[in-house]
Amino acid sequence: MQKQHRKGYFMEFGGQFVPEILKSALDELEVAYGKAKRDRKFKSEVATILREYAGRPTLLTPSRSLSKLTGARVFLKREDLLHTGAHKINNTIGQVLLAKRMGKRRIIAETGAGQHGVATATACALFGMPCVVYMGKKDTERQRLNVFRMKLMGAEVVPVTSGSQTLKDAINDAIRDWIKNVRDTHYVIGSVVGPYPYPEMVRDFHSVIGKETLRQTRGRLDVAIACVGGGSNAMGMFHPLLKTKAKLIGVEAAGEGVNTAHHSATMTKGTVGILHGFKSYLLQTADGQVQEAHSISAGLDYPGVGPEHAMLKKSGRVFYTAVTDKVALEGFQFLSRQEGIIPALETSHAIGYLMKNPRSMPKGGTVVVCLSGRGDKDVEHASHFIKL
Amino acid sequence: MPRTSLSSKVNMNPIEERFKILRKQKQKALILFVEGGDPSFEVTRQTLRYCQEAGVDVVELGIPFSDPLADGPIIQAASFRAIEHGTTFHKLMLMLSEERAKGLTIPVVVMTSFNPINKVGLDQSARMMKHARVDGIIIPDLPHDEDPSVRTVYEKHGILPILMTTPTTDPKRHEQVLKRSRGFVYYVSLIGLTGLMRRSSFSFKNHVVASKARSKAPVCVGFGITTAEDARGIARFADGVIIGSALVNHLALHSPKHLSDASKKLIDSWVAAVKSVR
């Protein structure tokens, strides 16, 4: 591959497919982030806040029920125990601190279900930055409590009425806001997506997940499993493990099934395309119109996927698969009932995969599931599907 | 050989030819943008024909995309309507071929997000465009240095890659755009999206004038140009004026069955304004 080593690319995936007006802002961000990540003071500032405020390191909890089911030693990496209830805050603390360093005076973000919006609003409240969150109008109705949470912390929530009125359109409108206010605004993107340097930067902020896991398992890790929408928790878990021999499994949302029109299995069913400033696998029509993604979990219904995941799929280093809404709901109930841990519906896909494939786990080996978020936000939604 | 060799005067690209004539006549260019298929194929066809009749210099034909980043609400909405009507790149190229066969000679530039043509395939899309006698291409979400091979593909088929620059583009990049853009340079006059605007002053004037002096291709100004008055004001210092949202908005408010007299008058008013400048 000619482009394999090109800056900003993961094989042929990634890049900066943005209007010219954003190029200077991306250059500025690249330089600022490049400096920050080599700056000990910045790194220790991020680490301190994550430790004293967000609750890192997170626990590695042995799961008796999943161990029994698989014959392996299964552990849960408890990102659900972080402040705001999901891994998202690893990234927002880092990015908002970086924005402050860059002298930016305003933060914008997009959100689907509201988790990234809440995590951004949280970081902005902590650092005293004005915050505007774009959220699809449909999502503001479905996730009213998260809208309230964001507002409570001082953020402005803008309902997005363009397009399909969901996450993908919220990202479009956040990018458009950035185009208009590019001089004083930093866009805190919520996953390992978007134009370079975002996929790399967001991954780096989340890689604390994989690094801690390596330490906690003393490097003896055979399998790591994580759910994949845009792919931030999975990239954070996988990236530090790429050099090891661990088998890595990314679980996408198959919605009602990958052979229906209602799924989010971008890497299983997508084709190469360009959305939101980067090239990756994409759910799209034959004419290159982006299709809506579907999943029971709002955090996974994104029609694209981070470019580094696209590379890891193509290279075969990570095994990507997809499980349906139904299987995710089984995982959701299983962990709740067996362990007293209510996982997010996103995370439930990873649990569901493990339940459905217990024999593919190495006997006596060490398996870690990234428990990316807690399920409190999902209980109302899930109650429509589960009879108790 | 049709229109591949650009150095030869015989086979000069129609956009370059048009600007050459304008230069001789000391006139400025009026470039109009229409969203293909909005509000209907019929209106798009009639608008193309009327632009030619009214003396518009170049038409930009927009290929609808579900997620256009640089567009404001007007063109976004037009794009969605067009997609809902079943508009595709393929159908628009067929339509343009038909219009060409019926005598449409006005230079046409395709304006599209990168994904629709990338999905069709660059070479395939270039061949379809060549068949429809498309003269240039603008890809707003493809910075000129992101994938230079894309430009080569279209240039090979005689389709000029038109590049965009902005008031805040880094000087080095700006120079590269001036050097590499073919046909004309698309100068984005505001830090923002396509849309309607009323101007009190043209803060970008000096930048445009300086750019003209260093650019091989003419420098045309677009984004946010709405009124005939503003078009005239900008034509005084730029080589051409590009109007998009104001036309798209007007077309959408009138009959989808045919190009309304009101829309024709609006086009006439812009032509008169730009052509009044010498």
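## Strands E10 and E13 of chain A

In this predicted model, strand E10 of chain A, covering residues 247–255, runs parallel to E13(A), and seven bridges hold the two together. Take A:Val251 as a reference point: its bridge partner over in E13(A) is A:Thr321. There's also a charge-on-ring arrangement to look at, with A:Lys247 sitting over the face of A:Phe319, 5.9 Å from the ring centre.

Zoom out and these strands belong to an open sheet of six, ordered E3-E4-E14-E9-E10-E13 in chain A, with mixed pairing. The edges are strand E3 (60–62) and strand E13 (318–324) of chain A, each of which pairs on one side only. Ignoring direction, neighbouring strands in the sheet are turned by 25° against each other on average.

## A helix across the sheet

Helix H15 of chain A (residues 345–356) lies across a good part of this: strand E4 (73–78), strand E9 (223–227), E10, E13 and strand E14 (366–371) of chain A. Its direction makes an angle of about 140° with E9(A).

## The nonpolar cores

The largest nonpolar core has 93 residues, and the members touching the most others are A:Leu98, A:Trp178 and A:Tyr187. Helix H1 of chain A (residues 20–38) supplies the largest share, eight residues. What does A:Leu98 touch once residues up to four places away in sequence are set aside? The list is A:Leu29, A:Ala32, A:Tyr33, A:Ala36, A:Phe42 and A:Met201.

Apart from that core lies another one, of 66 residues, with A:Ile274, B:Val110, B:Phe204 and B:Ile225 among them.

## Aromatic pairs

Searching the whole structure turns up 12 aromatic pairs over all chains. One of them joins A:Tyr187 and A:Tyr198, with the ring centres 6.1 Å apart and 55° between the planes, so it counts as tilted, given that edge-to-face needs over 60 degrees. Both tyrosines are buried. A:Tyr187 sits in strand E8 of chain A (residues 185–188) and A:Tyr198 in helix H9 of chain A (residues 198–206), so the pair ties together parts 11 residues apart in sequence.

Chain B has an aromatic cluster too, made up of B:Tyr187, B:Phe202, B:Phe204 and B:Phe237.

## A glycine in a chain A loop

A:Gly299 is in the loop between strand E12 (278–282) and helix H13 (307–315) of chain A. Is A:Gly299 buried, exposed or partly exposed? Its relative accessibility is 36%, so A:Gly299 counts as partly exposed, a class that falls between the 20% and 50% limits.

Leaving out neighbours within four places in sequence, A:Gly299 is in contact with A:Ala113, A:Gly229 and A:Glu346. As for A:Tyr353, the C-alpha atoms of A:Gly299 and A:Tyr353 are 17 Å apart, with their positions 54 residues apart in sequence.

## Buried spots in chain B

B:Ser125 belongs to helix H6 of chain B, residues 122–131. With a relative accessible area of 0%, B:Ser125 is buried. Not counting residues up to four places away in sequence, B:Ser125 touches B:Phe89, B:Ile117, B:Val120 and B:Tyr154.

Which residues of helix H10 of chain B (residues 228–235) are buried? They are B:Asp230, B:Ala231, B:Gly233, B:Ile234 and B:Ala235. These buried residues of H10(B) pack against strand E8 (219–222), strand E9 (240–243) and helix H12 (261–275) of chain B.

Key:
Residues are numbered from 1 along each chain as its sequence is written. Chains are lettered from A and ligands numbered from 1 in the order in which they are written. This is a predicted model: local features need pLDDT of at least 70, side-chain atom pairs count only at pLDDT 80 or more; totals for chains, interfaces and linings use all residues. Side-chain values use heavy atoms; hydrogens and water are left out. Two strands pair if DSSP finds at least two bridges between them. Helices (H or I, at least four residues) and strands (E, at least two) are DSSP runs, numbered from the N terminus. Axes are lines fitted to C-alpha atoms, for helices over the stretch in contact, and angles run from 0 to 180 degrees between N-to-C directions. Contact means heavy atoms within 4.5 Å. A nonpolar core is a set of buried Ala, Val, Leu, Ile, Met, Phe, Trp, Tyr and Cys residues joined through side-chain atoms within 4.5 Å. Buried means under 20% relative accessible area, exposed over 50%, partly exposed in between (1.4 Å probe, protein chains only). Rings of Phe, Tyr and Trp (its six-membered ring) pair if their centres lie within 6.5 Å; planes under 30 degrees apart count as stacked, over 60 as edge-to-face and the rest as tilted. A charge sits over a ring if NZ of Lys or CZ of Arg is within 6 Å of the ring centre and within 35 degrees of the ring normal.
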